[in-house]
Amino acid sequence: MTGKNPWDTKVSVVSGATSSYASTTDSELKFTRKFSQRYRWRCCIIETILVFMLIFSLSLYAGYDYLQRTYNGEEKIFRGDLRADEKGIDLIDYDNPDSQDYQRFVLNYTHLIKNIISSSPIQKKFIDAEIISLEPDEGSLKVDFWLRFEPVRWRASVTVEEILSAFRRLYPSTKIIPGSLHIKHITNNALLSTKPSTIAPEISTIEFHSTTPPPRRCTPVRLNLCKSVLEYNLTSYPNHFGHKNLDEIHDDLIAFRDLVDAECYQRTLDFVCQLLQPACKPDVKLGRDEVTLPCKHSCRLFTAGCGHRIPEKLLAGFDCARLPDYSNIGSTCTSKPGCDYKLRTTGLSGRLCDGVLDCPDMSDETTCGYCPAGYLHCITSRTCIPARSRCDGVVDCPGEADERNCLLISSTGRSVDQMLPLATVDAYPTEGFVFFVEQGMSGKLCAANFQTDIPNEKMSVALQTIATSLCRTLNYQNLTSVEIVDDEDPQTTTSGASRYAHVVDPFASEITFNLGTCPSRKVLRVACSDAVCGIQTNRRQKHGIDGLNKMASHGDWPWHAILYKSGTHVCDGSLISSEWLLTSASCFQGQSKAEWVARLGAVRLNAVSPWQQERHIVGMVKSPVEGSTLVLVKLSSPVTYSDHIRPVCLNDDQTSDVPYLHCQTLGWAKNRDNLQRIEVKESSMDSCTNISITTVNGLCYDSIYDHNDCTEEEFAGSPMMCLSANKKSWVLVGVTNWRIACSADGMMRPRLYDRVKSNHKWINSVLKDG
């Protein structure tokens, strides 16, 4: 070959061996390769380019780092004020910001505002919130505050509308009065000082928004995508995503069509259309129209399948926290469609027509042969009754559901008729107007005859007698107030069907009522307090474990709470007041920041009962007692007591040596679906020492029935309660420290609990301080 290879290779062998099989220990091969002359200049060009790129990258990084370190942009500051429907504001010393009551409200609203912003899309830019002042305002509490956000660099800055949106999404779970929130953007950081200044700072009012929307007006549904799936034909703007008209919806329609076409959730089209074209109901009497959005549980089903497909610009609109919870009375949302269909197609068809309500719209029971159209369901059995049988003096439903709550309180002041055909009104609000129900008809209690038939000196006694009797009937221990007020409800009429009830004889040993009219429109308003604890009002004539099944029915354990972390069931808890749960600190150890929600009134995980309530967890207080792992968690707003949601007793009698009876713990079946009980008995601590680390605050219990009783598992925070000596109420004795799993070899498995009794003083102190 005459041509020279581009690679010049020299091979040298340094070896003392002559064999061609010499090993590397005997020889060293050295390979040297040199570029030919015509390839060297190409390498020089490549090397020059690489050096230039390296220098350019280093310069760019140095410039960026310099700008980051020397940037002195001002934080973005907002000033806001809101009004809240708070109790006890008359006790606040507004002239003394250092007083205990004043500081308590400041702390509560600081935590609330921080929680609202921290759970919104703008939380990454959030720095801090500060309460400026508190003051009374026409019976409500006015709160002034600052919000501070990061300086504007290359990221989009926070806007007033984003802040308003963050607050709106949690309105239903707070005491903030809708329409009372105002936000201003402040351009002078001197405003951060709350001390008096001789120079009045300049306030920029370029961005000022009120959350008070203009009156709504219904308009026909015109979106072709939704016309065929919606069962109504009127909607209103702006919709849930802020679209002000049909043209703005069309601008974003491709993104919504992509979600529908993805087939990530069976009811995507229905759900999306209920947000884009929400149902609108005209209200001529009130002078405004109202829209109805889908309920929160419908949103969670959608996001479970489609959450990862939602475009970033639509994330805020699909935030389930912004949607209302379902409620049987005065519901402001549309229940999820197709609940009965889901049961049929997911292997749960056995729940259809079983007498247990698993759907918020009762669709799993109302289409059954045992419940004709127009009849009322008896709640816990396969029994339905005619509407006229409600409160007729004859027991027709198991548990006397049809004869319960014939005298009751309604906080709205309107009719107590429910959204669903149930045999009883399942709610015990603490205050409101008094109603009487007879043969399916309800009437507000008229106080006209009190003023005409009762002497003034006996008026107070008569009112106290009736109101006290009412509070005790509704399982409240004390009467807070009673007054005669004007009925200002525009929907109440004095013609047609009777809407009022009269007390026949206020001083009779047994008070009776008659339905009639009330020309004076004077009605009775009552406030009760201190709910009776530890009782199962669904089991009217039964106490203790008499007739109590192993598998829980609705209302068996009304204080039991299910704790969800970002939508996943991880712990349980016990309701001890309208705003506080008691559970275990192990639920939150090592947990990253997440959305925590408490669900009450449920006995099945894969179901949504008509009476269940959900609240966000907004605070936590750890026990200071040695060896205790208990924590109190605060709910975002008080729950409404009912037959299915009530507090458990703590038994404040520290010196009582009366033994408890029939101790029970609660857990979930192996398939983690149905709540059930297991009876336990106290055991020596030695048996628990072998399975766990015990403390001075521990309690050790064993299962009474050791064979074939391992069909459930306790989650951390599960209650262990015992029947009181009078056999009429349940007392919370212990709380599970850790999750106790069920296994086939779990016979005589000891269970370790955290003692509640030693924490009574701490618990009472926290509840008193709020």
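**Exercise 1. Find where the disulfide of cysteine 226 and cysteine 273 sits, and work out its handedness.**

Step 1: check the sulfur atoms. Those of cysteine 226 and cysteine 273 are 2.0 Å apart, so the pair forms a disulfide, which is defined as two cysteine sulfur atoms within 2.5 Å. Before going on, note that this is a predicted model: local features need pLDDT of at least 70, side-chain atom pairs count only at pLDDT 80 or more, and totals for chains, interfaces and linings use all residues. Residues are numbered from 1 along each chain as its sequence is written, and side-chain values use heavy atoms, with hydrogens and water left out.

Step 2: look at the torsion. It is about -85° around the S-S bond of cysteine 226 and cysteine 273, so this disulfide is left-handed.

Step 3: place the two ends. Cysteine 226 belongs to helix α4 (residues 224-227) and cysteine 273 to helix α6 (residues 268-276), so the link spans distant parts of the chain, 47 residues apart. Helices here are DSSP runs of H or I with at least four residues, strands are E runs of at least two, and both are numbered from the N terminus.

Step 4: ask about cover. Cysteine 226 has a relative accessible area of 0% and is buried; cysteine 273 is buried too, also with 0%. (Buried means under 20% relative accessible area, exposed over 50%, partly exposed in between, with a 1.4 Å probe and protein chains only.)

**Exercise 2. Do the job again for cysteine 391 with cysteine 406, and for cysteine 471 with cysteine 528.**

Step 1: start with cysteine 391 and cysteine 406, joined by a disulfide with S to S at 2.1 Å. The torsion about their S-S bond is about -100°, so the link is left-handed. Cysteine 391 and cysteine 406 both lie in the loop between β14 (384-385) and β15 (407-410), so the pair ties together parts 15 residues apart in sequence. Both of these cysteines are buried.

Step 2: turn to cysteine 471 and cysteine 528, whose sulfur atoms are 2.0 Å apart in a disulfide. Their S-S bond has -80° and a left-handed link. This pair connects distant parts of the chain, from cysteine 471 in helix α10 (residues 456-473) to cysteine 528 in strand β21 (residues 522-531), 57 residues apart. Again, both are buried.

Step 3: zoom out. Searching the whole structure gives twelve disulfides.

**Exercise 3. Trace the strand neighbours of alanine 501.**

Step 1: go to β19 (residues 500-503), which pairs with strand β17 (residues 441-445) in the parallel sense over two bridges. (Strands pair if DSSP finds at least two bridges between them.) Here alanine 501 is the bridge partner of leucine 445.

Step 2: now take strand β20 (residues 513-516), which runs antiparallel to β19 and is joined to it by four bridges. In β20, leucine 515 is the bridge partner of alanine 501.

**Exercise 4. Say whether leucine 50 is buried or exposed, then put it in the whole protein.**

Step 1: locate leucine 50 in helix α1 (residues 37-70).

Step 2: read off its relative accessible area, 53%, which means leucine 50 is exposed.

Step 3: compare the overall count. Of the protein's 770 residues, 47% count as buried.

Step 4: tally the elements. The protein has twelve helices and 34 strands.
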